[in-house]
Each structure stands twice: as structure tokens, then as C-alpha cells.
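Me: I would like a close look at one part of this structure. Please start from a single residue and then go on to the place where the ligand sits.

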Amino acid sequence: MRRAPLVAAAGAVALAVAGCGGGGSSTRTSTATTTSSAVATGKQLFTSVGCSSCHTLADAGAKGQVGPNLDTLRPSDAAVVRQVTHGGGGMPAFDDQLSAQQIQAVARYVSSVAGH
Ligand code: HEC
């Protein structure tokens, strides 16, 4: 009696980045439904892909002077997505280096920490 081979459908359990971001004194705004792991990923990306060499963002320890100071500008989530995806005004586009998800993560991060 033969049975169909077991399909090894291993449920891909995406291990969430378990970094407890002990950011200290962050002011809580509204309900914290934003995925904090995306924010943590965004912070890593911000420094690793080079945003910090051109932009100032206190939370990331970034002191770049080429582009606008993001703490002052406080761009919205959507504005960061647009700018990072398409670039412009002297800033390179990152859509060939970053996935849409990574761009989202960076945008979440920037819009959640800028000006704090
Ligand atoms: C080579 C330098 C450089 C790098 C690297 C860079 N930027 Fe920029 N960025 C700029 C410049 C210059 C501007 C101003 C563009 C303008 O005035 O239109 C800018 C503008 C912006 C803006 C403002 C958009 C708006 O609505 O006005 C945001 C947000 C931003 N960058 C985020 C990022 C992020 C996030 C990264 C990393 C993924 C990044 N930048 C990497 C130079 C850079």
C-alpha cells in the first residue's frame, strides 16, 4: 500500500529580528501598531546603504551634510518611499539596491524617528 510522499511543506517561520531596540526615551505617539522589526531593519539599512553619509539623522548617529537634515525635514513615510525609490535632486535612486519591503522599512524608520 503506497502512500503519496509527504510533501515537506515546511512552514517557513520567518524569524523575527529579535533585537530589543532599547531606544531609551522615545515619545509614544498613538497606537504602536507599526511593526517594530521593520523599524529596526530600517535603521540598519539607513546606515548600511549610505543614507547616513548624506543625511543627518540623530537617531542613526548620521551627520551627513549633502542632503537635507532629516530631523529638521521630518518627511512623511510616503515622501521617504518616493525619494528613496526614485531619487532626484542629487540623490541616487535605491530601487535597484533595495526591495520594496526594504524601502518601506527605511521609510518607517525615518518617519518614526526624525525630529525626536
Ligand atoms: C549621495 C547622497 C545621498 C544619499 C546616499 C541619500 N540621499 Fe537622500 N537626499 C540627498 C539629496 C541631495 C536630497 C535633496 C533632493 C532634492 O532637493 O530634491 C535628498 C533628499 C532626501 C529626502 C527628502 C525628500 C523630500 O520629500 O524632500 C529624503 C526623505 C531622503 N533623501 C532620504 C534618504 C534615504 C532614506 C537614503 C538612504 C536610502 C538617502 N536619502 C540617501 C542625498 C542623498
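In which helix is the place of Phe-46?

Reply: Phe-46 belongs to helix H1, which covers residues 36-48. Please keep in mind that this is a predicted model. The relative accessibility of Phe-46 is 1%, and because the cut-off for buried is under 20%, Phe-46 counts as buried. Over the protein chain, which has 116 residues, 28% count as buried. Phe-46 can also be set beside Val-110, a residue 64 positions away in sequence. In space, the C-alpha atoms of Phe-46 and Val-110 are 8.4 Å apart.

To place H1, consider the order of elements. The protein chain has five helices and two strands. Read from the N terminus, the order is α-α-β-β-α-α-α, so by the numbering from that end H1 and H2 stand before the two strands, and H3, H4 and H5 follow them.

Now to the ligand. There are 21 residues around the ligand, and those that come nearest are Cys-51, Cys-54, His-55, Pro-68 and Met-91. His-55 adds a closer detail: one of its polar side-chain atoms lies 2.7 Å from a nitrogen atom of the ligand. Two or more residues of the shell come from each of helix H2 (51-54), helix H3 (70-73) and helix H4 (77-86). H4 supplies the largest share of that shell, four residues. Sorted by class, the shell around the ligand holds 15 nonpolar residues, six polar ones and no charged ones.

The ligand takes up the space of the second largest pocket. That pocket has a volume of about 410 Å³. Its lining consists of 23 residues, and the ones nearest its centre are His-55, Pro-68, Leu-70, Gln-83 and Met-91. H2, H3, H4 and helix H5 (100-113) each give two or more residues to this lining. Here H4 gives the most, with four residues. By class, the lining has 16 nonpolar and seven polar residues, and no charged residue.

The two lists can be read together. His-55, Pro-68 and Met-91 are named among the residues nearest the ligand and among those nearest the centre of the second largest pocket.

Methods: Residues numbered from 1 in each chain as written. Predicted model: local features only at pLDDT ≥ 70, side-chain atom pairs only at ≥ 80, totals over all residues. Heavy atoms only, no water. Near = heavy atom within 4 Å. Polar contact = N/O pair within 3.5 Å; in protein donor to acceptor, adjacent residues only side chain to side chain. 1 Å grid on protein atoms, 1.4 Å probe; cavity = no way out; pocket = protein on both sides within 12 Å on 5 of 7 lines; lining within 4 Å. Sits in = over half its atoms within 2 Å of the grid points. Nonpolar A, V, L, I, M, F, W, Y, C, P; charged D, E, K, R; others polar. Points joined across faces, edges and corners; volume = space filled by probe spheres on them. Buried < 20%, exposed > 50% of the residue type's maximum accessible area, 1.4 Å probe, protein only.
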